[in-house]
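Q: I have this model open on my screen and would love a close look at one helix and what lies around it. Could you walk me through that part, and then show me how the rest of the chain fits around the picture?

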Amino acid sequence: MSVQVDNLTKIYGSQKAVDGISFKVEPGQVLGFLGPNGAGKTTTMKILTGYIPATSGSATVAGFSVDTHPEEVRRRIGYLPEHNPLYKDMYVREYLLFVAGLHKLPQPQKRVAEMIELTGLTREQHKHIGALSKGYRQRVGLAQAMLHDPEVLILDEPTTGLDPNQLIEIRQLIKHIGAAITLIFSTHIMQEVQAICDRVLIINNGKLVADDPIGRLQERLAGDVIVTVAFAQAVPVAQLQRITGVKQVKALGDRKFQLSASPATDIRPAVFSFAVNNQQVLLEMHQETFSVEEVFQRLTQSGVTAP
Ligand SMILES: Nc1ncnc2c1ncn2[C@@H]1O[C@H](COP(=O)(O)OP(=O)(O)O)[C@@H](O)[C@H]1O
Ligand SMILES: [Mg+2]
């Protein structure tokens with residue numbers, strides 16, 4: 001297990017920022033940590049990286065407790081904090097060499113060159129960090145976080161504040177990096193989770209409200225699948241009701257219908273055969289699924305708890 005969190009709680013004064021959350025991350029997984037502002041994402045990540053202590057509960061990284069073996073944990077974890085604090089007066093390459101020195105890496109020049117290449121900083125390596133755009137600063141932050149070849153990489157809202165082009169580039173870079181490492185990244189943007197992760201944890205008010213593979217999360221909440229169909233000519237509802245797998249038919253006129261079915265059965269081939277067998281022309285057929293965004297809103301507004 002790369003990361004294991006049990007009943008983790010953090011209380012600031014009278015406020016529970018993190019309220020008894022538990023989860024595990026398997027080696028190689030890419031986990032999205034999704035939640036609105038103030039949900040407790042940063043607090044959880046700071047505890048995992050050993051920056052702040054938990055009030056209660058436990059967390060281990062690569063088998064080492066963040067409480068009792070913080071040095072072992074830091075050696076195995078790479079961290080890009082939320083506001084990516086960098087030394088703006090240093091040059092890119094100089095800064096990365098400085099970080100390599102802190103980690104006492106055996107071949108700092110070689111490793112820094114590799115990270116510059118991986119994060120696409122070759123042309124910027126001799127520039128002042130202060131002169132870089134936000135997207136390039138994030139690349140420096142990513143290079144910094146990965147220099148010591150950590151087992152687990154933790155990125156706190158790595159795409160916040162980027163313009164649309166930078167956003168796409170940084171997402172691609174994260175996806176590329178995520179293929180080779182255990183990665184946890186936080187975001188409040190749903191599409192990001194859909195684009196990058198294997199699995200999503202949804203956190204709200206310090207509590208986990210879902211822990212699922214992306215597809216399962218959508219299924220679990222979607223209930224029946226709705227397939228909207230339109231035919232060239234009128235079709236009696238009773239005929240549609242006889243199609244295998246169709247549970248209910250809602251007429252939106254005499255040619256357009258919404259058919260509901262369980263998510264386990266794809267009724268579209270049967271609908272297509274029905275049209276062919278009845279000499280009907282199928283003008284339209286599409287299956288509605290919930291986006292992660294809709295799922296997220298349902299979960300965070302209705303107070304549903306993880307099973
Ligand atoms: N140092 C702190 N002192 C007091 N309250 C804090 C502190 N840090 C965070 N909080 C509170 O804890 C809650 C969770 O914050 P945070 O973990 O930063 O959420 P997120 O990263 O999901 O936006 C928020 O309500 C925030 O105001
Ligand atoms: Mg945060």
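A: Happy to. Let's begin with one cut-off: a residue is called buried if 20 or more other C-beta atoms lie within 10 Å of its own, exposed if 12 or fewer, and partly exposed in between. With that in hand, take helix 5, residues 134-146. Eleven of the 13 residues of helix 5 are buried, so this helix is largely enclosed by the rest of the structure. Please keep in mind that this is a predicted model. The mean pLDDT of the chain is 90, and 94% of its residues reach 70 or more.

Which residues of helix 5 are buried? They are Tyr136, Arg137, Gln138, Arg139, Val140, Gly141, Leu142, Ala143, Gln144, Ala145 and Met146. The partners against which these buried residues pack are strand 6 (77-80), helix 3 (92-102), helix 4 (108-118), strand 7 (152-156) and helix 6 (164-178). The length of helix 5 can be checked too. The expected span is 1.5 Å times one less than the number of residues. For the 13 residues of helix 5 this gives 18 Å, and the end C-alpha atoms are 18 Å apart, which agrees.

One of those packing partners, strand 6, deserves a stop of its own. Tyrosine 79 sits in strand 6, and it counts as buried because it has 20 C-beta neighbours inside 10 Å. Leaving aside residues up to four places away in sequence, tyrosine 79 touches Thr49, Ala145 and Ile154. Ala145 is among the buried residues of helix 5, so you can follow the packing of helix 5 against strand 6 down to a single pair of residues under the buried cut-off. Glutamate 124, by comparison, lies 45 residues from tyrosine 79 in sequence and 22 Å from it in space, C-alpha to C-alpha.

Follow the chain out of strand 6 and you come to proline 81, in the loop between strand 6 and helix 3. Proline 81 is partly exposed, because it has 18 other C-beta atoms within 10 Å. From proline 81 to alanine 234 there are 153 residues in sequence and 59 Å in space, again C-alpha to C-alpha.

That brings us to the division of the chain, which consists of domain 1 (3-219) and domain 2 (223-288). The centres of domain 1 and domain 2, taken over C-alpha atoms, are separated by 46 Å.

Now to another covered helix, helix 1, where eight of eight residues are buried. These are Lys41, Thr42, Thr43, Thr44, Met45, Lys46, Ile47 and Leu48. Helix 1 also brings us to ligand 1, since the largest share of the shell around ligand 1, three residues, comes from helix 1. The full set around ligand 1 is Tyr12, Gln15, Ala17, Gly35, Asn37, Gly38, Ala39, Gly40, Lys41, Thr42 and Thr43. Strand 2 (15-25) and helix 1 (41-48) are the elements that give two or more residues to this shell. By class, the shell has three nonpolar, seven polar and one charged residues. After helix 1 comes glycine 50, whose phi is positive, near 80°.

Positive phi is worth a moment. Most residues other than glycine have a negative phi. Asparagine 7 has a phi near 50°, a positive value in a residue other than glycine. Asparagine 7 is found in strand 1 (residues 3-12) and is partly exposed, with 13 other C-beta atoms within 10 Å. Glutamine 279 likewise has a positive phi, near 50°. This glutamine 279 lies in the loop between helix 10 (268-277) and strand 14 (282-288), and it is exposed, with 8 other C-beta atoms within 10 Å.

Finally, look at helix 11 (residues 292-302), which holds phenylalanine 296. With 25 C-beta neighbours inside 10 Å, phenylalanine 296 counts as buried. Its contacts, not counting residues up to four places away in sequence, include Leu34, Met190 and Ile202. The C-alpha atoms of phenylalanine 296 and glutamine 241 are separated by 32 Å, with these positions 55 residues apart along the chain. Do treat residues 303-307 with care: pLDDT stays under 50 there, and the model has seven contacts beyond four places in sequence for them.

Technical notes
Residues numbered from 1 in each chain as written. Chains lettered and ligands numbered in written order. Predicted model: local features only at pLDDT ≥ 70, side-chain atom pairs only at ≥ 80, totals over all residues. Near = placed C-beta within 6 Å. Helix = DSSP H or I, 4+ residues; strand = E, 2+ residues; numbered from the N terminus. Nonpolar A, V, L, I, M, F, W, Y, C, P; charged D, E, K, R; others polar. Domains from an automatic or database assignment. pLDDT = per-residue confidence, 0-100. Contact = placed C-beta atoms within 7 Å.
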